[in-house]
Amino acid sequence: MSNAPGTTEEDAEYKKICENHKHLIETLPKCNGWWTPHLHNYNGFWLTPDILKANLLLHTYFKSHPTDIFLASFMKSGTTWLKALVFSTLNRDSYTFSDHYLHKHNPHSAFSPLDAETYPITDFTNSLTPRLFSTHFARTMLPACMSSCKFVYVCRDPKDVLISLWHFMNKIRSKDVPPLSLDEAFELFCLGVSDYGPFWEQVLSYWRASLEYPDKILFLKYEDMKKEPEVVVRKLAAFVGKPVTVEEEEKGVVREIVKLCSFENLSNLEVNKEGFEKFGRLVNIEKREFFRKGVIGDWKNYLTKEMKERIDGITAQKFKGSGLVFTATG
Ligand code: PAP
């Protein structure tokens, strides 16, 4: 992102964005939010007012670099886990598995969030190469300059996403308002109304891009990561340009990465049990909220047969003809 604004020209630019933002908030279609009073529909996607502003800022200020790596996901699809995997795979020569960065830091801290409203825009020029960024924005909501960069995307069965999201949103939702009921969350989710939603369109934006640019977008599924984490680590390593060597295989490096990043390990580290993770200026989230159950199919404990059939029906209809299928989770 460009260096600290402060010149008259940049201030004028920023003022223009604020005015545009105000105008958009007043005129865009809006709906009930999950943890904010409202979500606004901008270019087909539902965003909170702050995230909408972050998107406007991103388009004005962000300068990508060809070596940048972006981790994209829909909320609650395995972002925390994938951040840990990408970071430890990429930096496997810099740490030992007995004394690792991830023992002392939450995986989110290794990535700069693109979706945080960070004016004055953070200067990333001193960041290590490759710079690591994360986003929940749909591919079509991102500036064109990023098309030459590499993206790792993770998606997850929408039924598990819904349940994980519902739990999470009720944790971060103001205690001054009643909790969001599962019925309400379900209805909103099916209508596509949730932060960064509709879920299906967000997933398809990356799926389509991954078909068009397979060397630029690695499309992963949470369920595959659970079933064959070692295969995913090898894919990640090759994708970021550091394929696993025969020597590393013999030393069990892949197994060590998988163990380090496992739910059991990460969720039991002191660093992930206490304290907050800061996303930009505005959002602080308790680190333990990123670790709940970490399993496939928890939706079975919450959704009725009718609810399951409705979501599966929407998924089948939305993904029809795209070539994207979800591994059945029941
Ligand atoms: P975010 O969008 O807020 O960053 P994200 O990390 O994508 O959240 O998703 C959180 C989910 O991943 C939680 O799922 P659950 O509610 O169904 O349990 C969380 O438990 C799960 N998760 C976190 N870390 C891991 C991990 N190492 N392995 C597997 N699942 C994990």
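These are my notebook entries on a few places I looked up in this structure, which is a predicted model.

**Entry 1: helix α5**

I began with helix α5, residues 158-172. I compared its length with what its 15 residues should give at 1.5 Å a residue. The expected span is 21 Å and the end C-alpha atoms are 20 Å apart, so the two agree. I then looked at how much of α5 is covered, and 12 of its 15 residues are buried. Among them are Pro-158, Val-161, Leu-162, Ile-163, Leu-165, Trp-166, Phe-168 and Met-169. The buried set also includes Lys-159, Asp-160, Ser-164 and Asn-170.

At the N-terminal end of α5 I found a cap from Asp-157. A side-chain oxygen of Asp-157 lies 2.8 Å from the backbone nitrogen of Lys-159.

**Entry 2: Lys-159**

Is Lys-159 buried or exposed? Its relative accessible area is 3%, which is under 20%, so I noted Lys-159 as buried. Lys-159 belongs to helix α5. Which side chain does the side chain of Lys-159 join in a polar contact? I found Asp-312, at 2.8 Å.

**Entry 3: helix α6 and the loop after it**

Next I took α6, which spans residues 182-190. Its buried residues are Leu-182, Ala-185, Phe-186, Leu-188, Phe-189 and Cys-190. I asked what covers these buried residues, and the cover includes β1 (30-32), α5, α7 and α14. After α6 comes Gly-192, which has a positive phi near 90 degrees.

Further along, I checked the peptide bond from Gly-197 to Pro-198 and found it cis, with omega near 5 degrees. Pro-198 sits in the loop that runs between α6 and α7 (199-212).

**Entry 4: α7 against α14**

I followed α7 to its packing with helix α14, residues 305-319. The axes of α7 and α14 are 10 Å apart and the angle is about 35 degrees. I recorded the crossing of these two helices as right-handed. From α7, Trp-200, Glu-201, Val-203 and Leu-204 take part in the contact. They meet Ile-311, Ile-314, Thr-315, Lys-318 and Phe-319 of α14. By kind, the residues of this contact are six nonpolar, one polar and two charged.

**Entry 5: α3 against α11**

I looked up a second helix pair, α3 and helix α11 (residues 253-261). Here the angle is about 145 degrees, and the axes are 9 Å apart. The crossing of α3 and α11 is right-handed. On the α3 side I listed Trp-81, Ala-84, Leu-85, Ser-88 and Thr-89, and on the α11 side Ile-257, Leu-260 and Cys-261. The residues of this contact are six nonpolar and two polar, with no charged residue.

**Entry 6: positive phi outside glycine**

I ended with two residues that have a positive phi without being glycine. Asn-43 has a phi near 50 degrees, and Lys-76 has one of about 70 degrees. Where does Asn-43 lie? I found Asn-43 in the loop between β2 (38-42) and β3 (45-47). Lys-76 is in the loop between β4 (69-73) and α3 (79-90).

I then asked whether each of these is buried or exposed. Asn-43 has a relative accessible area of 55%, which is over 50%, so I entered Asn-43 as exposed. Lys-76 is at 14% relative accessibility, under the 20% limit, and therefore counts as buried.

Notes. Residues are numbered from 1 along each chain as its sequence is written. This is a predicted model: local features need pLDDT of at least 70, side-chain atom pairs count only at pLDDT 80 or more; totals for chains, interfaces and linings use all residues. Side-chain values use heavy atoms; hydrogens and water are left out. Helices (H or I, at least four residues) and strands (E, at least two) are DSSP runs, numbered from the N terminus. Buried means under 20% relative accessible area, exposed over 50%, partly exposed in between (1.4 Å probe, protein chains only). The expected span of a helix is 1.5 Å times one less than its number of residues. A polar contact is a pair of N or O atoms within 3.5 Å; within protein, one must be able to donate a hydrogen and the other to accept it, and residues adjacent in sequence count only if both atoms are side-chain atoms. Axes are lines fitted to C-alpha atoms, for helices over the stretch in contact, and angles run from 0 to 180 degrees between N-to-C directions. A crossing is left-handed if the near helix is turned anticlockwise from the far one by less than a right angle, and right-handed if clockwise. Contact means heavy atoms within 4.5 Å. Ala, Val, Leu, Ile, Met, Phe, Trp, Tyr, Cys and Pro count as nonpolar, Asp, Glu, Lys and Arg as charged, and the others, Gly among them, as polar.
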